[in-house]
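Subject: Handover of a structure

Dear colleague,

Please find the sequence and structure below. My findings follow directly after them.

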Amino acid sequence: MYANIINNVGRSMKFTAEEEFFFTNLLKKESYPAKTKLLREGEICQFEGYVQKGCIRIYYVNEDGFEVTISFAIEDWWVSDIASFHEQIPSDLFIETLEDTELYLLTPQTKEELLQAIPKFERVFRMLVQRNLTSVQNRLINTISKKAADRYLEFISLYPTIPQRVAQYYIASYLGVTAEFVSTIRKRLLTE
């Protein structure tokens, strides 16, 4: 039942069976149908979640009322609003399931309990934050310096299964282009 998440955290640090048992006992497993808002703008994020199954979108609504996708989270990824979760401040983000989703959740309290009991988990979460920061930096650089077609190619290398799982307009909002542009690029790639 917990093999995937144990494998995920085990990439950064090795744990004893007792430590793994302590960790998994703190997790809360939740299932959500597609189109469930796990977090809304203005709420305080109360979870860090490991995606066991499903697809999730993190986005914000800009001043013109348009949804701008920041990232996706699929199987074996973690999802949260890091700033809201750690600082316990209102979020600027929405987190929404795009498919039926299963998550293993930690709350601020259970995460703190875990870090107090097993300090080695500090490394696990530090590595997750570092990977997230790297991803955000790469996304920023790509958005500024690459053409839209190149951003799409980068996107499908990062998220190879997403184009078959989500609507084109979500991908377009991630790339900062129109859905028609995504459709044109996809057609062009299929003919090459």
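I begin with the packing around helix α1. The buried residues of this helix pack against α2 (17-26), β3 (48-53), β6 (78-79), β8 (101-106) and α5 (121-145). Those buried residues are Ile-5, Ile-6, Asn-8, Val-9 and Gly-10. Please bear in mind that the model is predicted.

Asn-8 deserves a separate description. Asn-8 belongs to helix α1, which covers residues 3-10. Its relative accessible area is 4%, and Asn-8 therefore counts as buried, the cut-off being under 20%. The side chain of Asn-8 forms a polar contact of 2.8 Å with the side chain of Trp-78. Leaving aside residues up to four places away in sequence, Asn-8 touches Tyr-50, Asp-76, Trp-78 and Leu-128. Trp-78 thus appears both among the residues touched by Asn-8 and as the partner in the side-chain polar contact.

Helix α5, one of the elements against which the buried residues of α1 pack, also contains Glu-122. With a relative accessibility of 45%, Glu-122 is classed as partly exposed, because this value falls between the limits of 20% and 50%. From Glu-122 to Lys-147 there are 25 residues in sequence, and their C-alpha atoms are 38 Å apart in space.

Turning to the chain as a whole, I note the following. The chain contains 9 helices and 8 strands. Its C-alpha trace spans about 55 × 35 × 30 Å along the principal axes. The radius of gyration is 18 Å, which agrees with the value near 16 Å that a compact globule of 192 residues would have. Of the 192 residues, 43% are buried. Where contacts join residues at least 6 apart in sequence, 71% of them link residues at least 24 apart.

As to the surface and the charges, the chain exposes about 10600 Å², of which 56% is supplied by carbon and sulfur atoms. There are 22 positive and 26 negative side chains, and the centres of these two sets are 6 Å apart.

When you open the model, I would suggest beginning with Asn-8 and its polar contact with Trp-78, and then turning to Glu-122 in helix α5.

With kind regards

How values were computed
Residues numbered from 1 in each chain as written. Predicted model: local features only at pLDDT ≥ 70, side-chain atom pairs only at ≥ 80, totals over all residues. Heavy atoms only, no water. Helix = DSSP H or I, 4+ residues; strand = E, 2+ residues; numbered from the N terminus. Rg over C-alpha atoms; globule rule 2.2 N^0.38 Å. Buried < 20%, exposed > 50% of the residue type's maximum accessible area, 1.4 Å probe, protein only. Contact = heavy atoms within 4.5 Å. Areas by Shrake-Rupley, 256 points an atom, 1.4 Å probe, with all protein chains shown as cover. Lys, Arg positive; Asp, Glu negative; His and termini not counted. Charge placed at Lys NZ, Arg CZ, Asp CG, Glu CD. Polar contact = N/O pair within 3.5 Å; in protein donor to acceptor, adjacent residues only side chain to side chain.
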